[in-house]
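Biologist: Before we discuss this structure, could you show it to me, and then take me through the terms one at a time?

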Amino acid sequence: MIGARRVLEIGTLGGYSTIWLARALPRDGKVVTLEADAGHAKVARSNIERAGLGDRVELRVGPALESLATLRSTQPFDLVFFDADKENNPAYLEYALNLSRPGTIIIGDNVVRDGAVTDPGSTDPRVQGVRRFFDLIADEPRLTATALQTVGCKGWDGFVIAMVSDGSSDGQATAFGR
Ligand SMILES: C[S@@+](CC[C@H](N)C(=O)[O-])C[C@H]1O[C@@H](n2cnc3c(N)ncnc32)[C@H](O)[C@@H]1O
């Protein structure tokens with residue numbers, strides 16, 4: 001979609017999505033993936049090596065907010081994928097914007113949650129995090145976004161996809177290649 005070379009993923013688990021992301025990159029591309037759980041990270045490393053993608057993936061172990069704080073001065077990412085603790089999506093969005101450039105794509109998974117995100121009575125912190133995430137996206141002039149619902153064997157859910165611009169209407173046209 002955007003010829004991404006640098007991808008940031010938050011939430012590695014066993015490296016399934018990491019491997020798909022890394023396979024889509026050119027040889028000199030890089031996925032930086034953040035995982036809190038050392039056990040999951042160990043499994044992911046092994047899977048990524050077996051897939052022959054060890055040179056294209058950098059896995060950082062620890063709470064994502066701590067890892068993100070150390071990524072600030074590196075080059076911008078072309079694509080950012082949030083798939084960890086949804087409570088922290090609002091904070092992840094701020095980091096993602098700081099680590100982006102006009103044209104960067106930000107994707108957040110699990111934003112429908114069997115419809116719970118539209119249930120005004122829900123006190124689930126993940127639901128609250130996703131709602132706040134949507135509100136921040138809607139209020140952010142640098143983001144143009146939509147959410148897509150998905151229905152499959154794992155149930156009813158969806159993801160949000162946003163494109164970063166410099167916030168001006170000209171900037172949006174440039175980010176979208178118009
Ligand atoms: C839904 S799984 C990720 C699935 C993976 N992206 C995939 O599609 O194959 C969420 C992962 O986020 C990790 N996680 C949860 N909270 C985290 C945090 N604060 N920092 C980093 N990773 C976290 C969990 O340990 C878990 O491995």
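Modeller: A polar contact is a pair of N or O atoms within 3.5 Å; within protein, one must be able to donate a hydrogen and the other to accept it, and residues adjacent in sequence count only if both atoms are side-chain atoms. This is a predicted model, in which local features need pLDDT of at least 70 and side-chain atom pairs count only at pLDDT 80 or more, while totals for chains, interfaces and linings use all residues. Residues are numbered from 1 along each chain as its sequence is written, and side-chain values use heavy atoms, with hydrogens and water left out.

Biologist: What makes Asp37 a cap of α2?

Modeller: A side-chain oxygen of Asp37 lies 2.8 Å from the backbone nitrogen of Gly39, at the N-terminal end of α2.

Biologist: How do you know that the span of helix α2 agrees with its number of residues?

Modeller: The expected span is 1.5 Å times one less than the number of residues, so the 13 residues of α2 (38–50) should span 18 Å, and the end C-alpha atoms are indeed 18 Å apart.

Biologist: Which residues of α2 are buried, and which are exposed on the other side?

Modeller: With buried meaning under 20% relative accessible area and exposed over 50% (1.4 Å probe, protein chains only), Ala41, Ala44 and Ile48 are buried. Those three cover an arc of only 65° around the axis, which puts them on the same side of α2, whereas Lys42, Glu49 and Arg50 are exposed on the other side.

Methods: Helix = DSSP H or I, 4+ residues; strand = E, 2+ residues; numbered from the N terminus. Arc of directions from axis to C-beta.
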